[in-house]
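Please open the structure in your viewer and keep the selection tool at hand. This tour goes from one selection to the next and says what can be found at each stop.

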Amino acid sequence: MAELLSSPASAFAMLGTFAALGGCLYIRKIKLSIRMLVYVALMLALTIILQQLSIFHLPQGGNITLGSMVPLLLIAWRFGPGVGAMAGFLYGLINILQDPFILHPVQVLFDYPLPIMAMGLAGFFPKHIFLGTALAFATRFLCHFISGIVFFASYAPEGMSPILYSLTVNASLIVPELIICCLILKYLPTDKIVANMASGIN
């Protein structure tokens with residue numbers, strides 16, 4: 001235990017591994033249909049396109065986009081948190097190829113698959129889309145926040161604590177992204193879209 005506390009990277013590696021393993025075990029229980037997989041593929045493609053519509057890009061990595069997480073949220077609301085997490089995991093792997101910024105294997109886990117898998121948490125609140133969206137983004141923020149403290153502390157300006165630095169940098173990305181997604185969802189006919197995705201699904 002003392003060794004883990006003296007090595008934050010090791011502690012968070014264990015935490016991240018358990019989180020990813022738990023998500024994978026949950027996903028394995030899901031019965032996937034061909035039609036469901038087609039919808040997941042289409043929403044992943046849309047996410048990739050929206051990710052390219054970047055409003056702002058940080059030198060250390062990370063973008064503010066035009067609602068790139070909305071398609072993944074729709075997947076979570078229609079098919080549940082397990083499929084939403086699976087779609088997030090797949091997009092996290094794609095995002096490593098799109099916008100790689102790699103310092104450490106554990107940092108990759110906390111900056112790519114895990115925070116996007118968090119979008120699946122919205123699936124627990126299919127009738128409360130803004131609550132689900134807030135939970136998903138709060139968990140995504142937590143992943144990036146941990147990564148910032150452990151792996152990006154050296155980027156903090158002189159005299160600024162790594163905690164404050166990580167909080168400032170990640171909030172400046174996640175909060176605008178959350179607001180943009182909520183604005184899109186406010187005017188998007190979400191119920192109709194989810195209902196149309198449901199049609200014909202066994």
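The stops below begin with a charged residue, then turn to the nonpolar cores, the cysteines and a methionine.

Keep in mind throughout that this is a predicted model.

**Stop one: Glu 177.** Select Glu 177, which you will find in helix H9, the helix that covers residues 162-187. Which side chain of opposite charge is nearest to Glu 177? It is that of Arg 140, 4.8 Å away, and Glu 177, although buried, has no salt bridge. The cut-off for a salt bridge is 4 Å, so the pair Glu 177 and Arg 140, at 4.8 Å, does not count as one. Now show the side chain of Thr 65 as well, because a polar contact of 2.5 Å, inside the 3.5 Å limit, joins it to the side chain of Glu 177. If you leave aside neighbours within four places in sequence, the residues in contact with Glu 177 include Asn 63, Gly 67, Ser 68, Met 69 and Phe 137.

**Stop two: the largest nonpolar core.** Next select Met 69, Leu 72, Leu 73, Ile 75 and Trp 77, which, of the 29 residues in the largest nonpolar core, touch the most other members. Two or more residues of this core come from each of several helices, among them H3 (34-52), H5 (81-98), H8 (129-151) and H10 (190-198). The largest share, eight residues, is given by H4. In soluble globular proteins, nonpolar side chains tend to be buried together.

Stay with Leu 73 for a moment: leaving aside neighbours within four places in sequence, Leu 73 is in contact with Met 119, Ala 122, Thr 133, Ala 136, Phe 137 and Leu 185. Another core, of 10 residues, lies apart from the largest one, and Leu 114, Met 117, Cys 143 and Phe 152 are among its members.

**Stop three: the cysteines.** How many disulfides does a search of the whole structure find? The search finds zero. Select Cys 181, which is in no disulfide, and then Cys 182, whose sulfur is the nearest cysteine sulfur to it at 7.1 Å. Cys 181 counts as buried because its relative accessibility is 0%, and Cys 143 is buried too, with a relative accessible area of 11%.

**Stop four: Met 43.** Finally, select Met 43 in helix H3, where its relative accessible area of 12% means that it is buried. Not counting residues up to four places away in sequence, Met 43 touches Pro 71, Leu 74, Ile 75 and Met 197. Add Tyr 91 to the selection: Met 43 and Tyr 91 are 48 residues apart in sequence, and their C-alpha atoms are 10.0 Å apart in space.

Note on methods:
Residues are numbered from 1 along each chain as its sequence is written. This is a predicted model: local features need pLDDT of at least 70, side-chain atom pairs count only at pLDDT 80 or more; totals for chains, interfaces and linings use all residues. Side-chain values use heavy atoms; hydrogens and water are left out. Helices (H or I, at least four residues) and strands (E, at least two) are DSSP runs, numbered from the N terminus. Buried means under 20% relative accessible area, exposed over 50%, partly exposed in between (1.4 Å probe, protein chains only). Lys and Arg count as positive and Asp and Glu as negative; His and the chain ends are not counted. A polar contact is a pair of N or O atoms within 3.5 Å; within protein, one must be able to donate a hydrogen and the other to accept it, and residues adjacent in sequence count only if both atoms are side-chain atoms. Contact means heavy atoms within 4.5 Å. A nonpolar core is a set of buried Ala, Val, Leu, Ile, Met, Phe, Trp, Tyr and Cys residues joined through side-chain atoms within 4.5 Å. A disulfide is a pair of cysteine sulfur atoms within 2.5 Å.
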